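User: I'd like to learn how to read a few features in a model like this one. Could you take me through them one at a time?

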Amino acid sequence: MYDGIVQDLIDEFGRLPGIGPKSAQRIAFHILQTQNFDVTRLAELLTDVRERVRFCDVCGNITEEERCSICRDPRRDETLICVVEEPKDVVAIERTRQFRGLYHVLGGAISPIDGIGPDDLSIPKLMQRLGSGEVKEVILATDPNLEGEATAAYLSRLLTAIEVPVSRLASGLPVGGDLEFADEITLGRAFEGRRTVE
């Protein structure tokens, strides 16, 4: 434990997701010991981000305008919507350069333990987007964990009831992985998602 403001700084960094006590301490000491570290610039950026960044009115992705760059792009296929949990998932999918449709960011996943139900997500906005009848497929790209699976199952039932074609991202063995290290669920999904070799 450090005295006063130094401990306060470490505690604040420790509140960030993925930053443990040791990492928080390293960051704090890096700022203190690096003479040319621009603390003023960091403070300005944090303030600017809070003031200027918002969520897209259409899909829920992060943006500085009413609509994000993906929703504004006329080259995107408006008949495909990929449903993800968080804006960071959009970035991950965009890096693959495999998807040219639009997105819908839920803002989380159904998690009864954390008190998050369907009403806490942007599901009504998704249903409103699908009301036009132009969407030919909804791709569910929620995380392959308990919460993501529950969210995908809920959405699948909801969308099937309104006769919107629904697909789910395949899951299975990672490239370069060894079978002996795969868990039962991953290996089971790899068998379920197998396809014919051409």
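User: Let's start with charges: how many salt bridges does the count come to?

Analyst: Keep in mind that this is a predicted model. A salt bridge here needs a side-chain nitrogen of Lys or Arg within 4 Å of a carboxyl oxygen of Asp or Glu. By that rule the count comes to eight salt bridges.

User: Which residue forms a salt bridge with R76?

Analyst: That's E94, and the closest N and O atoms are 2.8 Å apart. The pair links distant parts of the chain, with R76 in the loop between α4 and β3 and E94 in helix α5, 18 residues apart. Their surroundings are worth a look too: R76 counts as buried at 5% relative accessibility, while E94 is partly exposed at 24%.

User: And what does D73 meet in a salt bridge?

Analyst: Its side chain meets that of R100, at 3.8 Å from N to O. D73 sits in the loop between α4 (69-72) and β3 (77-84), and R100 in the loop between α5 (87-96) and β4 (101-105), so this pair ties together parts that are 27 residues apart in sequence. D73 is buried, with a relative accessible area of 13%, whereas R100 is partly exposed at 41%.

User: Which residues are linked with D73 in a network of salt bridges?

Analyst: R75 and R100 are linked with D73 in that network.

User: How far apart are N and O in the salt bridge of D57 and R54?

Analyst: There the separation is 2.9 Å. To read exposure, check the relative accessible area: between 20% and 50% is partly exposed. D57 falls in that class at 36%, and so does R54 at 32%.

User: D57 makes me curious about annotations. Which residues does the "zinc finger region: C4-type" cover?

Analyst: According to the UniProt record, an unreviewed entry, that annotation covers residues 56-71. In the model, the chain over residues 56-71 is 19% helix and 12% strand. The end C-alpha atoms of this stretch are 8 Å apart.

User: On to the surface. Which residues make the nonpolar patch of about 360 Å²?

Analyst: V49, V53, F55 and I62 make it. Take I62 as an example: this residue is in strand β2 (residues 62-63), and its 47% relative accessibility counts as partly exposed.

User: How do I read aromatic pairs, and how many does a search of the whole structure find?

Analyst: A pair of aromatic rings is described by the distance of the centres and the angle of the planes. Here, a search of the whole structure finds one aromatic pair. The ring centres of F99 and Y103 are 5.2 Å apart and the planes lie at 65°, so the pair is edge-to-face.

User: Are F99 and Y103 buried or exposed?

Analyst: Both F99 and Y103 are buried.

User: Last, the overall layout: what domains is the protein divided into?

Analyst: Domain 1 covers 1-35 and domain 2 covers 74-168. Taken over C-alpha atoms, their centres are separated by 37 Å.

User: How far apart are I27 and I110, in sequence and in space?

Analyst: They are 83 residues apart in sequence and 33 Å apart in space, C-alpha to C-alpha. As for where I27 sits, look in helix α2 (residues 21-33); at 30% relative accessibility, I27 counts as partly exposed.

Methods
Residues numbered from 1 in each chain as written. Predicted model: local features only at pLDDT ≥ 70, side-chain atom pairs only at ≥ 80, totals over all residues. Heavy atoms only, no water. Patch = residues over 30% accessible without salt bridge, like charges linked within 9 Å, V, L, I, M, F, W, Y side chains within 5 Å. Areas by Shrake-Rupley, 256 points an atom, 1.4 Å probe, with all protein chains shown as cover. Helix = DSSP H or I, 4+ residues; strand = E, 2+ residues; numbered from the N terminus. Buried < 20%, exposed > 50% of the residue type's maximum accessible area, 1.4 Å probe, protein only. Domains from an automatic or database assignment. UniProt positions renumbered as here; feature names shortened; annotations may be inferred. Phe/Tyr/Trp six-rings, centres within 6.5 Å; stacked < 30°, edge-to-face > 60°.
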